[in-house]
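Biologist: I keep meeting labels in model reports without the criteria behind them. Take me through one, label by label.

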Amino acid sequence: MKIEAINITKKYGQKEALKDLSMVIEENKIYGLLGKNGAGKTTFMQLLAGHILPTSGKVLVDGQDPFNNRNVLREMCLISESSNFKKRLKIKDVLKISSLFYPNWSQESADRLLKEFNLEKSMNTKGLSKGMESALGITIGLASRAKITIFDEPYIGLDASARYKFYDLLLEEYEENPRTFILSTHLIDEVSRLFEEVILLRDGELLLQLQAEDMREKSILVSGKSEVVEEYSKGKNVIRETSMMGRKTVMLFGEVYNLTEARELGLEAERGNIQELMVHLSEHTGGAVHV
Amino acid sequence: MDSSFKDDKPIFQQIADKIESSILDGSIQEGDRVPSTNEFAKFYQINPATAAKGINQLVDQEIVFKRRGIGMFVAEGARDIILTKRKNDFFNDYIVPLKNEAEKLGLTAKELRDLIQRED
């Protein structure tokens, strides 16, 4: 299912959480939704999942408005950071309710995931630790087999080994039942390799949407003698600049940079990693990034 | 196979490099099956499309070929193709940085030559 966001604006009182945002999310890809706190990620996900309405503009999922639309919502599963389920239920009840809601629900997958995360069906959701609650959310999201599965920071309280298990299971599910996954995360270094495309929001606006692989090639980190670095980066889009002991380091972004070319000038050159790029692009205020 | 990636190259390129290295050192032989896109994706926890891009690059260079419905295999002559390619890259990848560093240290061409010939 294809998602289109068309000029969506979402206001909470005076504050604009999203500003005239437009983008297309293709089916069966894994998307990373990134941005600083308050960039609008959660609002955007809730809009896609039809949990809230935009102030203006519209969201279309295969041409239909998801809000209050059973046909779309049964193929849409949004797992939030927390409070995904009522606190007076047992795990088995939560699973039962989910299985009734999602037509492609896989009980087999749910059972296996519970086991992987050491959760018992008889447990009360009230007594779950933060990590266990996240694990249950992940279980529901993956077992829903919803065509569009959205995870908003799904791993609060999960330790590193459980997170890596989540990445494994996500890839396994994706391989067996291709579908659209959208993940928002602050742990960019850990998950960026899972993404096919990256969407970066800044202050409620779309800063960029790119293939994760292109993102690397469109960046370069060069350092060397100040004059040489300055000469090299002249006219290029510098998103970060630091100097130390007469040597300068700059991060460039926006076109395909050739590492060898920079090295032949005697500069040290490498690709920026996605986490650093995100940080600097989010901080960078030099207008829109042209890619 | 080494299970980590570096930041200086795209991941798909590194996947292709890893396969090539395994062919070069004989860990996989011509005619052997290469792991599938999904096997790579799971092993390295990367997006399957990224793994596919790496493998397809080798298909384009005729190092690996697809057998529909069965999998990917190392092509005959793959090792020679890789050797030729790596020899071509050797200058840029190794000699250029070596010369740059030598220049920074003020080593003369002769000193550099002597160093290359020195026993380890």
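Modeller: What follows goes through contacts, strands, burial and domains in turn.

Modeller: This is a predicted model, in which local features need pLDDT of at least 70, side-chain atom pairs count only at pLDDT 80 or more, and totals for chains, interfaces and linings use all residues. Residues are numbered from 1 along each chain as its sequence is written, while chains are lettered from A and ligands numbered from 1 in the order in which they are written.

Biologist: What makes Glu30(B) partly exposed?

Modeller: A residue is buried if 20 or more other C-beta atoms lie within 10 Å of its own, exposed if 12 or fewer, and partly exposed in between, with C-beta atoms placed from the backbone. Glu30(B) has 14 other C-beta atoms within 10 Å, so Glu30(B) is partly exposed. The residue is found in the loop between H1 and strand E1 (33-34) of chain B. Helices (H or I, at least four residues) and strands (E, at least two) are DSSP runs, numbered from the N terminus.

Biologist: Which residues does Glu30(B) touch, not counting those up to four places away in sequence?

Modeller: Val74(B), Ala75(B), Glu76(B), Ala78(B) and Arg79(B). Two residues are in contact if their C-beta atoms, placed from the backbone, lie within 7 Å. Leu115(B) is 85 residues from Glu30(B) in sequence and 37 Å away in space, C-alpha to C-alpha.

Biologist: Why is Asp20(A) called partly exposed?

Modeller: Asp20(A) has 14 C-beta neighbours inside 10 Å, so it falls between the two cut-offs. Its place is in strand E2 of chain A. Neighbours within four places aside, Asp20(A) is in contact with Asn7(A) and Thr9(A). Glu205(A) is 185 residues away along the chain, yet the C-alpha atoms of Asp20(A) and Glu205(A) are separated by 7.2 Å.

Biologist: How do you know that E1(A) and E2(A) pair?

Modeller: Two strands pair if DSSP finds at least two bridges between them. Here 7 bridges join E1(A) to strand E2 (residues 15-25) of chain A, so the two pair, and they run antiparallel. In E2(A), Ile25(A) is the bridge partner of Ile3(A). The hairpin of E1(A) and E2(A) has 2 residues between the strands, and Gly13(A) takes a positive phi near 65 degrees there.

Biologist: How many bridges join E1(A) to E4(A)?

Modeller: 5 bridges join strand E1 (residues 3-12) to strand E4 (residues 56-61) of chain A, again antiparallel. Across that pairing, Ala5(A) stands opposite Val59(A).

Biologist: Why do E1 and E2 of chain B count as edge strands?

Modeller: In chain B, 3 strands form an open antiparallel sheet in the order E1-E3-E2. E1 and strand E2 (64-67) each have a single partner strand, so one side of each is left without a neighbour in the sheet. E2(B) is joined by 4 bridges to strand E3 (residues 71-74) of chain B. Lys66(B) stands opposite Met72(B) in E3(B).

Biologist: What radius of gyration does chain B have, set against a compact globule?

Modeller: Chain B has 18 Å, whereas a compact globule of 120 residues would have a value near 14 Å. The radius is taken over C-alpha atoms, and the globule rule is 2.2 Å times the number of residues to the power 0.38. The C-alpha atoms of chain B fill a box of roughly 55 × 30 × 25 Å along the principal axes. Buried residues make up 21% of the chain's 120 residues. Its secondary structure comes to 5 helices and 3 strands, in the pattern α-β-α-α-β-β-α-α.

Biologist: Which residues make up the contact between the chains, by number?

Modeller: 20 residues of chain B are in contact with 22 residues of chain A. Helices H1 (11-24), H2 (37-44), H3 (48-60) and H4 (78-105) of chain B each supply at least two residues of the side that touches chain A.

Biologist: Where are the domains of chain A?

Modeller: Domain 1 covers 3-212 and domain 2 covers 218-283. Those bounds come from an automatic or database domain assignment. Their centres, taken over C-alpha atoms, are separated by 35 Å. Across the boundary, 10 residues of domain 1 are in contact with 6 residues of domain 2.
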